[in-house]
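Thanks, everyone. I have one structure to show today. Let me put it on the screen.

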Amino acid sequence: MDLPALLSEVLRVQLLPVEMASRSSDKDGDSVHTANDVPLTPRTSSPDRRCSSSDTLKSTYSLTRRISSLESRRPSSPLIDIKPIEFGVFSAKKEPIQPSVLRRTYTPDDYFRKFEPRLYSLDSNSDDVDFLTDEEILSKYQLGMLHFSTQYDLLHNHLTVRVIEARDLPPPIAQDGSRQDMAHSNPYVKICLLPDQKNSKQTGVKRKTQKPVFEERYTFEIPFLEAQRRTLLLTVLDFDKFSRHCVIGKVSVPLCEVDLVKGGHWWKALIPSSQNEVELGELLLSLNYLPSAGRLNVDVIRAKQLLQTDVSQGSDPFVKIQLVHGLKLVKTKKTSFLRGTIDPFYNESFSFKVPQEELENASLVFTVFGHNMKSSNDFIGRIVIGQYSSGPSESNHWRRMLNTHRTAVEQWHSLRSRAECDRVSPASLEVT
């Protein structure tokens with residue numbers, strides 16, 4: 001029997017005489033006694049009743065002993081000595097229960113040392129001008145303003161960018177002192193949709209003006225959802241025939257922030273560009289070597305986004321190919337020139353006789369010129385492929401050709417300046 005059942009049994013047995021006495025008093029209370037009534041004499045208990053009472057006491061005593069034995073077998077509860085936490089003011093003799101935390105006292109100067117003033121200054125050289133108005137940008141950089149518009153055609157799935165005009169452009173900056181006219185610029189605008197900078201467009205060059213009017217439209221074939229993920233970048237450049245072209249400033253507009261379908265036009269202040277060097281263009285070439293015939297075949301396929309060399313009509317570009325064996329110029333060939341374009345398609349093939357044992361010492365120098373009838377041709381860009389390659393991309397193209405004989409290997413190359421090629425490739429120094 002479990003402990004709760006034993007306790008209930010003991011209580012029932014102990015309360016039994018009280019309950020019986022209560023019942024007997026209830027029975028006696030049924031008759032009403034008066035003052036004249038004779039008092040009742042006490043009744044003498046019978047022997048059976050005395051035996052019953054004795055048995056009850058014995059059973060109670062035995063149950064009590066059983067309960068005591070069970071209580072002694074129960075595991076004792078652990079004693080926890082909890083000291084009271086005293087609240088209030090401690091006396092000098094008492095120590096606080098919680099250890100005190102040592103705190104460093106700061107002066108106002110300590111807080112101001114944490115700030116970096118350059119992050120909050122409007123004179124910062126960073127390109128983060130999101131919190132400046134166009135008037136503040138114009139006053140800060142003084143690079144002028146550009147007027148342009150955008151419109152998306154849902155029917156034909158293309159974006160039209162219209163370059164309208166510019167104003168208040170700064171005077172030109174001569175990079176090497178060779179510029180003759182320091183009062184006027186020859187501005188033009190390059191348009192692209194970031195992050196794709198390869199498929200860009202550019203306007204014509206406007207001669208000797210700080211307020212050029214372009215009024216030119218350009219179309220980009222691009223799906224509407226893709227157009228919303230692009231950023232329109234318009235870069236204003238200064239054309240210089242006798243020196244490198246200079247970047248005047250730029251405007252960038254995330255297309256997700258404008259209503260492309262409705263369209264609109266804006267005047268935006270130009271901000272400085274981190275891209276000081278102007279790209280010279282790209283050239284697509286194919287190389288193939290036939291060991292049995294000892295022939296090195298070269299295909300000049302096309303070029304794109306070439307640097308403009310003519311103010312009025314773009315460029316008349318052609319490619320000169322020169323074979324250099326070691327440090328000796330062996331052979332020179334060139335493509336035809338195409339009038340008035342910066343994206344020429346050539347598709348012309350050339351073959352050079354190079355024995356297999358001499359192949360490892362051979363270099364091909366590709367130079368793009370702008371044809372000029374009145375004076376010397378205008379240099380646009382150059383690359384060198386072979387033993388003295390002008391860069392990692394050119395070296396990779398040469399290795400791929402050596403590993404795949406009899407198979408044409410195509411690759412795009414970014415044109416480099418003459419000075420850069422002369423610095424890294426001895427073969428570039430041997431050609432003109």
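I'll go through the nonpolar cores, then one glutamine.

Keep in mind that this is a predicted model.

Start with the largest nonpolar core. It has 35 residues. Which of them touch the most other members? Leu-283, Leu-364 and Phe-366 do. Several elements give two or more residues to this core. The strands are β9 (282-290), β10 (295-304), β11 (317-325), β13 (345-353), β14 (362-370) and β15 (378-386). There is also a helix, α8 (392-403). Where does the core lie with respect to the domains? Domain 1 (129-269) and domain 2 (282-430) both give residues to it, so it lies between them.

Now zoom in on Phe-366. Set aside its neighbours within four places in sequence. Phe-366 then contacts Leu-283, Leu-285, Val-298, Val-319, Lys-320 and Ile-321. It is also in contact with Gly-381, Arg-382, Ile-383 and Ile-385.

Apart from the largest core lies another one, of 33 residues. Leu-132, Leu-143, Val-161 and Val-163 are among them.

Next, the glutamine. Gln-151 sits in strand β1, residues 145-153. Is Gln-151 buried, exposed or partly exposed? Its relative accessible area is 35%. Buried is under 20% and exposed is over 50%, so Gln-151 is partly exposed.

What does Gln-151 touch, not counting residues up to four places away in sequence? There is His-158, Leu-159 and Thr-160. Then there is Leu-260, Val-261, Lys-262 and Gly-263. Look at Val-261. Its backbone oxygen lies 2.5 Å from a polar atom of the Gln-151 side chain.

One last distance. Gln-151 and Thr-219 are 68 residues apart in sequence. In space, C-alpha to C-alpha, they are 9.7 Å apart.

How values were computed. Residues numbered from 1 in each chain as written. Predicted model: local features only at pLDDT ≥ 70, side-chain atom pairs only at ≥ 80, totals over all residues. Heavy atoms only, no water. Core = buried A, V, L, I, M, F, W, Y, C linked by side-chain atoms within 4.5 Å. Buried < 20%, exposed > 50% of the residue type's maximum accessible area, 1.4 Å probe, protein only. Helix = DSSP H or I, 4+ residues; strand = E, 2+ residues; numbered from the N terminus. Domains from an automatic or database assignment. Contact = heavy atoms within 4.5 Å. Polar contact = N/O pair within 3.5 Å; in protein donor to acceptor, adjacent residues only side chain to side chain.
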